[in-house]
There are 2 protein chains.
Amino acid sequence: METQIRVTFHPQGRAVSVLRGTTILEAAARAGLVIETPCGGAGTCGKCRIRIMQGCGVPTATDERVFSPAELKDGWRLACRTVIVREMVITVPQASLFGDEHQILATSDSGAAPEILPGIRKIYVTLAPPTLTDDAPDLLRLEQAIGPFKATLRLIRHVSATLRANGFAGTAVLDDHTLIDFEAGDTHARCFGVAFDIGTTTLVGTLLNLCTGEKLATVSRMNPQVSFGDDVLSRIHQAASCGSGLDEMRLALTNEVAAMIDALGAGAAISRENIYAAAFAGNTTMEHILCGLNPAQLGETPFVPMHARGLLVPAGELGIPIHHGARAYLFPIIGGFVGGDTVAGMLATRIDRHEETALLVDIGTNGELVLSHHGVFYAASTAAGPAFEGARIACGMRGTHGAIEKVVFDDDVRLEVIGNVAPTGLCGSGLIDLIAELLACGIITPEGQMLAPDELPASLPPALARRVESDEDGTVRFVLSEAGAGCGSSPVALTQRDVREVQLGSGAVRAGIILLMRQAGLDVSDLGIVLIAGGFGNFIRRSSAQRIGLLPGGIAHTRIRYVGNVSLAGAQAALLSGDARRLGEDLARRITHVELSTMEGFQDVFADAMVFPRSY
Amino acid sequence: METQIRVTFHPQGRAVSVLRGTTILEAAARAGLVIETPCGGAGTCGKCRIRIMQGCGVPTATDERVFSPAELKDGWRLACRTVIVREMVITVPQASLFGDEHQILATSDSGAAPEILPGIRKIYVTLAPPTLTDDAPDLLRLEQAIGPFKATLRLIRHVSATLRANGFAGTAVLDDHTLIDFEAGDTHARCFGVAFDIGTTTLVGTLLNLCTGEKLATVSRMNPQVSFGDDVLSRIHQAASCGSGLDEMRLALTNEVAAMIDALGAGAAISRENIYAAAFAGNTTMEHILCGLNPAQLGETPFVPMHARGLLVPAGELGIPIHHGARAYLFPIIGGFVGGDTVAGMLATRIDRHEETALLVDIGTNGELVLSHHGVFYAASTAAGPAFEGARIACGMRGTHGAIEKVVFDDDVRLEVIGNVAPTGLCGSGLIDLIAELLACGIITPEGQMLAPDELPASLPPALARRVESDEDGTVRFVLSEAGAGCGSSPVALTQRDVREVQLGSGAVRAGIILLMRQAGLDVSDLGIVLIAGGFGNFIRRSSAQRIGLLPGGIAHTRIRYVGNVSLAGAQAALLSGDARRLGEDLARRITHVELSTMEGFQDVFADAMVFPRSY
C-alpha cells in the first residue's frame, strides 16, 4: 500500500488523500466537487480551471496554450491535465463547478452564494402589546408582522400563550404559508433540515443549515431492511406475504433514519426539534415502504405504483423524529421501478438543460436510466443488483473507512484505501477497477471465468500471478491483501462468484442502455454526454467502467462524466429550494416510462450483455 | 285564539299558517322567504311582485296602478299590499326575493337555479385498469379523471385498495383540491353538509344537499352551556377560573351539535359519514369555546381574541361527528364581542351591496351592529341579554311549537301561536309585540313600570284590564292565557321583572346604534335601510320594535326590514359556495371594530336609553 498525498480544496474547505498520479479533476470529485468538463477531461475545452495555491509544479503544454504567463505564474492550471505528485492547496472557482447542488443553487456565474429559498422560514418578531385603542386579535397582530399564514388550533393556543408569556415577542416558524411553531426568544438562526437518499442497500443522510445552505454533516449506513432480502423484490415479497412484514420493514428503516438524524445532529449539538424539514429520495419500493404503503402491487405485472406525485406529509406520520410540525417531502415516482431517486438525479444534474442528447446512469441496487433527447425524457430501470454497493460480494463493503476504492495493476497491485488505512474490503469503485484490471491482464475471461493458477497467461507479472489462488475444491480467488487486517480473519479477495455478480450487474446496465436507446430510436453514437451516478465509493474511473461493460461500446471516453450521488444531491436541492422541488415535479411529469422487459428483443440483448466486452 | 289560515309558497314548497289580516309579505317572511321591498312595504316601489294561484281576491288600488288588467287577471299582486283572508297558493318569482341565501346564490335574475359551488365535490369515475402498456400509477390514473389533488397516506392506501376491489371504479370525494375519500360504487348524489348558528342561548342547525343547495331539515335547540351561565361573560369566567371549565363547556356544546346532526339526518336517513362539510357562525366566545381556545383573554381589557381569520379545521378535531375527512369552517372574528355570526350576517344580507347607508342590527344574547356607509364598515356589540331569545323571562321560550309569536290588542288580546296550538310561552317576537301593546295602551309606563290594577287608565277595555293581576306582595303581572295549558301549571303571563329585562335589552341596542352612528359621524336620519336580524321567533313587527325602543326614533318605518336569522343564512352560504366564504373573509378584513364602552358619552347615552320611548 502506498502513501497517499493530501489535497485541500478552497473555498469549500474539503480535503482528500489520493494516490500519486491522480489528476486534480479526480481528486476534486472525491472531495465532492464536480468540476466542469464539457470535453470529458480531454484538455480541449479549457473549462476546468483551478488555481494551485501551494504545491504547484510546472505547467503542461495544454496549460501553456490555455493560460497567459501571468496566470500560469499565479498557479492557474487545468484540473484534468494536472497530476498530483505532492501535497496541494487548490482554489476552485464557482464558475468551474458542475452539477451536484452547485448547478441548481447557483444564482449566477459570479461565484456569489448559492440561492437558498427553502419552504421553512424563521422570523423573529417583537409585537406591540394590545391596548384599548389597538385591540387587534393576537394572530392578526402576528400576521401584520409576518404576512398571512395558516395555523392549527393547537398552534393558535400556543401563539397566544407564548406571546403573553414573553412580552409579545418570539420567533415564528413558517413552512410556506403555514405557521408550524412559535418559539420564545430569537431562535431564527437555528433552522435545519435533513435530506436522505434511501437506497435498497445504502442510506445516506445530510444535515443542512436552511439559512445558509451549508452542509453540516453526512452519515451513511446500511439499510437495515437487507435482513429481509437484498433486493427490492424480496422486500416486496416480504410485505405482500406476511401480515406484519410491511410494518417491520418500515420500522427498521425509520428507526435507522432516526438514529442517523441523531448522529447528524450530534456534532453540532443540533436537536431534533430544530430540524424543521426533511426530504427523501428513494426508489418506488423504498418510498412506498417508508410511507407505509404496501408495495405488493409492485411485485405483480404490470408493476403499478399507488401514487405518482411528490408527497408532503407530516414527518411524525412517517415516524421521522424531527420538529413535531415538520413535513417530509418524498420525490415523485415515475413507475414501478423508476422512483423518486431518479427524479432527484434528474434535478441534481439538470439533465433538462443539456442541449445534446444526454444519458444519466444511476447505479444502485437497481440501475436507473434517464435519456434526455431534445426536451423529451425516457426512463427505465434494470436490475443491477447490490454488488456495486458491496453486497453479495464476499469482501464487499460500502465506500467507508477501510474500503479499497481504487485498484491499479502494474507489476503488482496498487490500492487506494479510504482513510489511508489497512483495507477491510472492496467498495463499488474498487470492485469495478479490479474486474477491469483482471480482464485487461487476462486473469478473467470475457465469459467471466477466473483462470486457475495453472491456466494464467505466461506474460503475467509474477507478483500478480501469485495472487491467484485455488482452493482444494478448485474454487479460484484473487487475493488483494494479507490475511489478518482484512475481511474477518481472511484476506481481502475476489471470488469467482463475485465476478459473476459483477458480470450480471454490469451486463444488466449495458443491456438496459442499449434497449432504452433503441426505444428512443437512437444509437449510442448519438449520445453527447453520459452521466454516471451512484454511491460506489467516491469516484468511478471511466476506463474501468467501460472495460467491464457497464456502458455499451462506442461511447467516446470524453463524453462520460461521473457525477456522484445525485439522488442525495437532488434531495438536498429540494430541501433548500421550493423552486427546485417544483422543477423536479415538472421533470417527473414530462418523462416517459419505458418497461424494458416488454420490448421486442429484450431477451437477446440481455443474453448478449452477460458476456464482458472482449476488448476495449 | 283564532283559527289560522294556511298559505303555500311555490316553487319553494313552503307553507305557513297565519292570522287573518296578515300581509303576504309577512307570511312569506315567516316561511323563510324574504321578498324584495326597497320601499319598506309602502306599496310605492312595485318590487314585491307575487302571483296568487289560488285564493286570489280583488286587487288593491296600488295593484291596479302597478299591474296591467291581464296581469291582475292572472293573479299578480304586490305582496306588501295584499292581506290574507282565505287559504292561498302563491308563486314567488326568484326576482322578487331579497337577501338570505337567495341574494348570494342567485346566478341571475332569470329565476334560474341558485349557484351551488361548494368546496365539496363528488365525482363517480370508471378508470381503465392498468396493463403492461399502460402502467400509470393508481393515483395518476385517478388524477387523469378528476384533475390534480392532494391526498393523505391513509387515503392513498384506501384508493388503491378500493380501486382494485371494485374494478377500478368508485366515487372520489374532493374538498377543494384535496381528496378526502374514495367510495365504492356511485355515491355522488349523497353529498351533504351542515350549517350552524352557534348562539350564546340558541343553537340552530340546517342540513343541506351540497349538490342542489336544497335545505333538507332545520333543528333548533337551547345551547346547553346555559347551565354555566346565560351570557358570554359567565362562560368566559367559567373557562378562566376552572381547570376543566373550558373542556366541560366545549363538550356540552359539541355533544349537543352531534345530537342535532343526528336529528337533522334522521328524517332523510342521511348518515354522519355522508356529511362532508360543516360551517359554524358564532360570536367570538362561542367560536373560541368550540375550538377549545380558552376565552379568558376575552374577559379582560382590552378584550383581545386569539385569532381573527376564518378557520378551516378537521371536523374531528372539534369533536363534530361527520365524515372522518371533513373540515369545519368557522367564520372570521372581528373583535372580542363581534364575532363570526356578525360576518355571516353581513354576508347573508350582502350589506356591501347597499348603495345607501345601511345598518344591520342582529339581536341575540348580544346585539351586534354593523354600519355600512359608502363602502366603509363599522361594527360594534352591545349587551342585549337573552330576553329576546326567551331566557330570563318568566314564560319565555324559543320560537318553537307552542310559542306565542305575535300579540295584537284590540278590545282584548289576540295571539298567534306557532303550530296553532295552546300557548306554552312567549318567544322574542311575541314579547316585543306584547311590550309594545302594553306601552301603547298605558299598562306599562315609559319608565317600565307595570301599573297595578287600581292604577290602570280608565279608557282601557275591560277585557284587557282584567288581565292585569296583582299578587299578595304587590307584584303585578299581565296574563295572556288560562292556567293549565300554559307555563307549567301557571298561565302564560308577563311579570314586572320581564319588563325590566326587555327594557335593558332594547335600551342597550338603541344606545349602541346611537353611539355607532355618532362614531361614524352620522345621524339616524342618514340611514337608508335598517336590517333587523335575529331568531326572535319568525317575524318581528317593525312597529313593535320601534315602539319598545329597540331602534332610535327618527327612522322611517319604510326603511326597516326584518331579515331573519342571517347568521345561519350566512353559514349556509359559506357551506354552499367558496366564493361566498371568500367574500365573508374579505368583508371581515374591511370592517372597523368600534369599542363602544371607550367612547365619550357612553354612560349618558346608555342611561337615557334605559327609558322606553314616550311616544311613537
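Contact here means heavy atoms within 4.5 Å. The structure is a predicted model, in which local features need pLDDT of at least 70 and side-chain atom pairs count only at pLDDT 80 or more, while totals for chains, interfaces and linings use all residues. Residues are numbered from 1 along each chain as its sequence is written, chains are lettered from A, and side-chain values use heavy atoms, with hydrogens and water left out.

**Exercise 1.** Describe the extent of the interface between chain B and chain A.

*Solution.* Begin with the residues: 34 of chain B are in contact with 35 of chain A. Next take the buried area (the accessible area, with a 1.4 Å probe, that two parts lose on being put together, summed over both), which is about 3,200 Å², with 65% of it on carbon and sulfur atoms. Finally, look for the main contributors on chain B: L132(B), D135(B) and L153(B) supply 20% of the area that chain B buries against chain A, more than any other three residues.

**Exercise 2.** How many salt bridges are there between chain B and chain A?

*Solution.* Apply the rule (a side-chain nitrogen of Lys or Arg within 4 Å of a carboxyl oxygen of Asp or Glu), and the count is four. Among salt bridges, the side chains of E143(A) and R309(B) meet at 2.5 Å, N to O.

**Exercise 3.** Which symmetry relates chain B to chain A?

*Solution.* Superpose the copies by least squares on the C-alpha atoms of residues with pLDDT of at least 70 in both; a turn of 179° and a shift of 0.1 Å along the axis lay chain B on chain A with an RMSD of 0.2 Å. That is the relation of a two-fold axis. In chain B, the C-alpha of P314(B) is the nearest to the axis, 7.5 Å from it.
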